[in-house]
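Reader: I've got the model open and I'd like you to take me through one spot slowly. After that, feel free to wander out from there.

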Amino acid sequence: CGSATRTVIDLPSFIGGDQWVRQCRECGHGSIAVIHTQDSNYTSAATDFSRQGIYWFQSHIRGHFRTALDFGCNDGMLLRCVTADRKIGVDLYAKPDGIELHAGLDTVQASPDLVMSRHTLEHLAYPVAALKSMVAIASPQAVFALEVPAFDAAVAALRFDHVHNGHYQYFSHRSFR
């Protein structure tokens with residue numbers, strides 16, 4: 001929202017050097033102070049925690065879709081869990097088998113009626129631009145299923161283990177809306 005920020009987490013001698021997380025006084029959005037490259041932080045979705053989240057998504061996304069798009073598809077596990085005639089993954093690092101893969105939304109030639117993204121927007125310096133691109137290519141009746149970590153809950157619980165160099169953004173409920 002562009003309002004004044006305050007430092008809510010100060011991590012001296014963090015991985016890669018000193019680090020701070022700033023939080024907007026108005027909307028609660030957080031952002032990391034020192035930006036590092038993302039490729040060193042990339043991991044597979046094959047963890048138990050990730051699988052649980054994917055199965056939760058699957059239990060809430062019902063029906064048959066013409067085209068499903070997963071922005072930040074990782075290993076393609078979420079796409080494999082939905083029913084769609086065409087499955088499109090967008091990811092810079094992953095190369096999942098059996099899924100139409102794109103490095104960016106600008107090369108997707110489709111109007112997906114299901115757009116998904118799990119734990120990807122917090123890794124982007126400009127998540128609003130990615131969201132606008134997703135909306136622009138989606139069909140007018142598209143279902144959007146998006147998940148990001150809840151920063152306000154992490155700060156309230158003092159969960160500093162959720163702070164790492166791969167997260168540029170920390171969404172509060174208000175800033176995500």
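Let's start with Glu 147: does Glu 147 count as buried, partly exposed or exposed, and why?

Author: Keep in mind that this is a predicted model. Glu 147 counts as partly exposed, because its relative accessibility is 24%, and that label covers values between 20% and 50%. You'll find Glu 147 in strand S8, which covers residues 143-147. Now look across to Glu 122: the two residues are 25 apart along the chain, and their C-alpha atoms are separated by 9.5 Å.

That strand belongs to a bigger set, so here's the overall layout. The protein has five helices and nine strands. Reading from the N terminus, the order is β-β-β-α-β-α-β-β-β-α-β-α-β-α. There are 177 residues, and 45% of them count as buried.

Strand S5 gives you two residues to set beside Glu 147. S5 spans residues 83-90, and Val 90 is in it. Val 90 is buried, because its relative accessible area is 3%. Measure to His 102 on your screen and you should get 4.8 Å between the C-alpha atoms, with the two positions 12 residues apart in sequence. Arg 86 also lies in S5, but Arg 86 is partly exposed, because its relative accessibility is 28%. The C-alpha atom of Arg 86 is 8.5 Å from that of Leu 69, a residue 17 positions away along the chain.

Want something out in the open? Go to Asp 106, in the loop between strand S6 (100-102) and S7. Asp 106 is exposed, because its relative accessible area reaches 67%. Its C-alpha atom is 8.9 Å from that of Ile 137, even though 31 residues separate them along the chain.

A couple of loop residues have an unusual backbone. Most residues other than glycine have a negative phi. Asn 74 isn't a glycine, yet its phi is positive, at about 55°. Asn 74 lies in the loop between strand S4 (64-71) and helix H2 (77-80), and it is buried, because its relative accessibility is 15%. His 119 has a positive phi too, near 50°. It's found in the loop between strand S7 (114-118) and H3. Unlike Asn 74, which counts as buried, His 119 is partly exposed, because its relative accessible area is 26%.

One step back along the chain from His 119, stop at Arg 118. Arg 118 lies over the face of Phe 57, at 5.7 Å from the ring centre.

On to the second largest pocket, whose volume is about 380 Å³. It is lined by 22 residues, and those nearest its centre are Cys 1, His 29, Val 128, Phe 171 and Ser 175. Four elements each give two or more residues to that lining: strands S2 (19-24) and S3 (30-32), plus helices H3 (127-137) and H5 (173-176). H3 provides the largest share, with four residues. By chemistry, the lining splits into 11 nonpolar, eight polar and three charged residues.

Phe 171 deserves a second look, as one of the residues nearest the centre of that pocket. Phe 171 counts as buried, because its relative accessibility is 6%. The model has two aromatic pairs. In one of them, Phe 171 meets Phe 176 edge-to-face, with 5.5 Å centre to centre and 90° between the planes. The partner ring has a different setting: Phe 176 is partly exposed, because its relative accessible area is 32%.

If you're thinking about the cysteines, the count of disulfides comes to zero. Cys 24 is buried, because its relative accessibility is 7%. Cys 81 is buried as well, because its value is 17%.

To come back to where you started: Glu 147 sits in strand S8, partly exposed because its relative accessibility is 24%, with the C-alpha atom of Glu 122 at 9.5 Å.

Methods
Residues numbered from 1 in each chain as written. Predicted model: local features only at pLDDT ≥ 70, side-chain atom pairs only at ≥ 80, totals over all residues. Heavy atoms only, no water. 1 Å grid on protein atoms, 1.4 Å probe; cavity = no way out; pocket = protein on both sides within 12 Å on 5 of 7 lines; lining within 4 Å. Points joined across faces, edges and corners; volume = space filled by probe spheres on them. Nonpolar A, V, L, I, M, F, W, Y, C, P; charged D, E, K, R; others polar. Phe/Tyr/Trp six-rings, centres within 6.5 Å; stacked < 30°, edge-to-face > 60°. Buried < 20%, exposed > 50% of the residue type's maximum accessible area, 1.4 Å probe, protein only. Lys NZ or Arg CZ within 6 Å of the ring centre and 35° of its normal. Disulfide = S-S within 2.5 Å.
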